[in-house]
Amino acid sequence: MDGDGKLDIVVNEDGPENDLVWFRAPHASASGRAPWTRYVIDTGVHAPDMLPATLLGHRGVLLIHKGMQVRFYEIPADPTARWPSQEVYSFYSPSHQGGLRMADIDGDGLPDILAGMYWIRSPESFELPWRLFAIVLWNETPESAMLRLNYGPLGLIAAEREMQPARLARFEKPADPRQLWIEHRIESVPDLTEVNSLDVADFNDDGRPDLLIAEKGGKSRLLVLYNEDEGRLRPALVAQGRPILFARALDPEGHGRPGILAIRADAIVWFEPVF
């Protein structure tokens, strides 16, 4: 955040003030145990979805505030001071919006924003307004569009992270992405509940991207859906019975076959690939 070459941490604290804060990475000290330094970016923030982002040359943090507002905090010249914020877009829909990613959706070379069931097209300059387009109309309840999103080699994958049962689908981008996208429901796993984690990786080194999903409710399953091509996804159960708060595919040794890092309420667990 401060340009010193060390990675810092930004968190939204759950407390009376709901502070959005950054912790500056320590520099070496005589004791070798220098503390992280806490600075308040803003107060009164509720942002389960947050990303580091550069919007049209401006560095900062992008987040969804209270499921209703995409907001950008720009790093000021003095990052220890309060950060200026810009409202990118406010939602007026029956459902809160969750899930946040950046990608060039319309191919104009500028990174757009994926937020919940919408994508928000980047303007050509920072001062101009962003424009909203719907991807899908999952808005039956206040939590229907609280999603996990992945945009990559499988296209756009979306899962409902607060719903019981939960929908899981792949969305095909139409020739004109301003129109509603084509939904392909993924139904190879029955009775999905609160799909709180979603990731894509080639788990068996066959050259095809597979899908990782994890539930924080229901059967609390951690699953890999192996890509058998032509839209077929074969589920394989990795673990179940304990709610997963977060899961991600990682390949720390770079051998091409990622494992899975999972966080539960009681432990951080590493699942080693067995191929």
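# Reading an all-strand prediction, step by step

Q: Where should I start with contacts: what share of those between residues at least 6 apart in sequence join residues at least 24 apart?
A: In this chain the share is 40%. Keep in mind that you're looking at a predicted model.

Q: Next, the secondary structure. How many helices and strands does the chain have?
A: There are 0 helices and 22 strands. As for overall size, the radius of gyration is 20 Å, close to the 19 Å from the globule rule for 275 residues, so the chain is as compact as a globular protein of that length. If you'd like box dimensions too, the C-alpha trace spans about 50 × 50 × 35 Å along its principal axes.

Q: How do I read "buried", and what percentage of the residues in the chain is buried?
A: The cut-off is a relative accessible area under 20%. Of the 275 residues here, 44% are buried. The accessible surface of the chain comes to about 13,800 Å², and carbon and sulfur atoms account for 51% of that.

Q: Can we zoom in on one strand? How many residues of strand 13 are buried?
A: Take residues 155-160, which form strand 13: 5 of its 6 residues are buried, so to speak "mostly covered".

Q: In which sense does strand 12 pair with strand 13?
A: Strand 12 (residues 147-152) pairs with strand 13 in the antiparallel sense, over 6 bridges. A hairpin through 2 residues links strand 12 to strand 13. On another pairing, strand 13 and strand 14 (residues 168-172) run antiparallel and are joined by 4 bridges.

Q: Which residue of strand 13 does Asn150 stand opposite?
A: Asn150 stands opposite Ile157. Now follow Ile157 to strand 14, where Arg170 is opposite.

Q: Where does Pro165 lie, and what is special about the peptide bond from Gln164?
A: Pro165 sits in the loop between strand 13 and strand 14. The peptide bond from Gln164 to Pro165 is cis, with omega near -5°.

Q: What about phi: which sign does Lys66 have?
A: Lys66 has a positive phi of about 55°, although Lys66 is not a glycine. Look for Lys66 in the loop between strand 5 (58-65) and strand 6 (69-74). Lys66 is partly exposed, with a relative accessible area of 45%.

Q: And where is Asp205?
A: Asp205 is in the loop between strand 16 (195-201) and strand 17 (210-215). Asp205 isn't a glycine either, yet has a positive phi of about 60°. With a relative accessible area of 46%, Asp205 is partly exposed.

Q: Last one: how far apart are the mean positions of the positive and negative charges?
A: They're 3 Å apart, for 28 positive and 41 negative charges.

Terms used: Residues numbered from 1 in each chain as written. Predicted model: local features only at pLDDT ≥ 70, side-chain atom pairs only at ≥ 80, totals over all residues. Heavy atoms only, no water. Rg over C-alpha atoms; globule rule 2.2 N^0.38 Å. Buried < 20%, exposed > 50% of the residue type's maximum accessible area, 1.4 Å probe, protein only. Contact = heavy atoms within 4.5 Å. Areas by Shrake-Rupley, 256 points an atom, 1.4 Å probe, with all protein chains shown as cover. Lys, Arg positive; Asp, Glu negative; His and termini not counted. Charge placed at Lys NZ, Arg CZ, Asp CG, Glu CD. Pairing = 2+ DSSP bridges.
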